[in-house]
Amino acid sequence: MRRRDLLKTSALASGVAVTGCLRLTQEAGPNAATPTSDGATTTQAAAATDGATIPQLQSVSDLFEIKWSTDRHIGSTRIHRNSLYGESGDTVLKFSTDTGELQWETTPEHARDGHIIQSVQPTESIVCVLERSDPDTDEPVRLFGVDPQDGTEAWYSEGEFAQWFTSSNPFATSDRYAAFAQQSRDNATTNIWTFDIKTGDRLSKTTVDEDDEDTDIRFVRTVSIRDTKVLLFGNKVEVRDATTGSVLNTRDLDLSHASIDGDWIYAGGSSVAKLRVDGLDPVWRTEVSSRTTAIPAVSDERNKLVVGTKAGVRCFDTSTGDTEWEYRTAGEVSDYDGGVELVDGIVWVFDDAGHLSIIDLSSGDPIYDEQQKSNSDNPSDMVASGSELYLSLANSSEQPQTEIPRGTSAMSISTE
């Protein structure tokens, strides 16, 4: 049995500050990391029969300091400079990250009644807002550019056909471009669009056919932009020119979820890999038993990569690709439900069963694991920036009785 000072956290609630330091006696729980025969680590099943349990906190105030919180639940949360952006139904909101003050709330001028915002991507000059298409009425997707100062609409563009998006992350922006992938109604084809974010002009549109084996990439789950290149991740990795849509490079690797960190791409699908941005050359690739289902999170300081999967989260050494530990969650880890974030040596995981898991990044040991919402509730959302985490939970009559604030809260965390 070990006694460790695990963490001290700040979470923000409307004019109320609660401070606390968690000291936790921790035995080998059902999700504790244990060695496998190949030297890597994995976790025991949640239904382990050894009788051990994850230590339960008496109060969330033992875990968090609360600085501010709003009762507004928002999705597609993004941080830019000192502002938190997100969507709530058909509106876009901007909050101060320091105080939680609502700076503006807007519905784009050309937004349609009943259509909800799919994604919000802030940049220095324009906030790009993607409005969902509606397959029931054959109405296409719309893309808006709004002024980050006051939320007024600067331009809008419209697609050509309707369908829900293939995932929560087929949309990306840079200081020059916006790009997104949208699937056709019959799921047979996917269009990839790029736009000039300053004017709203469409620069290119290309179509890929999911049934065409000769097509380099047949479906897209994640879109990224690097300089003048659009990177597409799906059944393969593909690089296209942002202005023409022409294919510049392809790598035959099933990597559907990816993040770019400096000169490196960290991506997962049927395997997990580290690629060079220039050339897509693999530095390492590790086969895994459970498919990646969320955007990976990277800690450069600790040389670790954490990937969300259908079964939980897995941690890798970023230099070698070796598995360091695995933690089994109650459900699949997806960005739609919160995904994976890293804050100061702590892993935050929200899965589709509504469980929030907090894990020590170095050891894989569980710190906190408790259901925060019913899996039938609206999606949750979280995003990290520096030493802070912004977590948004909808209020619901079905919610488990926990003390984590409903609405949107900013949290900071530091180990002791």
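The exercises below work through one predicted model, each with a task sentence and a stepwise solution.

Residues are numbered from 1 along each chain as its sequence is written, and side-chain values use heavy atoms, with hydrogens and water left out. Because the model is predicted, local features need pLDDT of at least 70 and side-chain atom pairs count only at pLDDT 80 or more, whereas totals for chains, interfaces and linings use all residues.

**Exercise 1. The chain as a whole**

Task: State how many helices and strands the chain has, and what share of its residues count as buried.

Solution. Start with the secondary structure, which comes to 0 helices and 37 strands; helices (H or I, at least four residues) and strands (E, at least two) are DSSP runs, numbered from the N terminus. Next take burial: of the 416 residues, 59% count as buried, where buried means under 20% relative accessible area, exposed over 50%, and partly exposed in between, with a 1.4 Å probe and protein chains only. Finally, among contacts (heavy atoms within 4.5 Å) between residues at least 6 apart in sequence, 46% join residues at least 24 apart.

**Exercise 2. The hairpin of β31 and β32**

Task: Describe how β31 and β32 pair, and work out which residue between them takes a positive phi.

Solution. First, place the strands: β31 covers residues 339-343 and β32 covers 346-350. They run antiparallel and are joined by 5 bridges, and two strands are said to pair if DSSP finds at least two bridges between them. Within this pairing, L342 stands opposite V347 in β32. As for covering, 5 of the 5 residues of β31 are buried. Then turn to the connection, where the hairpin has 2 residues between the strands and D344 takes a positive phi near 50°. D344 is not a glycine, and at 30% relative accessibility it counts as partly exposed.

**Exercise 3. Another loop aspartate, and another hairpin**

Task: Determine whether D227 is buried or exposed, and find the residue with positive phi in the hairpin of β25 and β26.

Solution. D227 sits in the loop between β19 (220-226) and β20 (229-234), and its phi is near 55°, a positive value in a residue other than glycine. With a relative accessible area of 59%, D227 is exposed. In the second hairpin, β25 (residues 271-276) and β26 (residues 282-287) pair in the antiparallel sense over 5 bridges, with S271 having E287 as its bridge partner in β26. There are 5 residues between these strands, and G279 takes a positive phi near 100°.

**Exercise 4. The surroundings of S357**

Task: Locate S357, and list what it touches beyond its neighbours in sequence.

Solution. S357 belongs to strand β33 (residues 355-360), and since its relative accessible area is 0%, S357 is buried. Leaving aside neighbours within four places in sequence, S357 is in contact with Y327, T329, V347, W348, V349, Y368 and D369. V347, one of these residues, is also the residue that L342 faces in the β31 and β32 pairing. The side chain of S357 makes a polar contact with the side chain of D369 at 3.1 Å; a polar contact is a pair of N or O atoms within 3.5 Å in which, within protein, one must be able to donate a hydrogen and the other to accept it, and residues adjacent in sequence count only if both atoms are side-chain atoms.

**Exercise 5. Two loop residues**

Task: Which atom of F219 lies 3.2 Å from a polar atom of the N235 side chain, and which residues does G262 touch?

Solution. N235 lies in the loop between β20 and β21 and, at 11% relative accessibility, counts as buried. The atom sought is the backbone nitrogen of F219, which lies 3.2 Å from a polar atom of the N235 side chain. G262, by comparison, is found in the loop between β23 (255-261) and β24 (264-269), and at 45% relative accessibility G262 counts as partly exposed. Not counting residues up to four places away in sequence, G262 touches R226 and V277. The C-alpha atoms of G262 and V277 are separated by 8.4 Å, although these residues are 15 apart along the chain.
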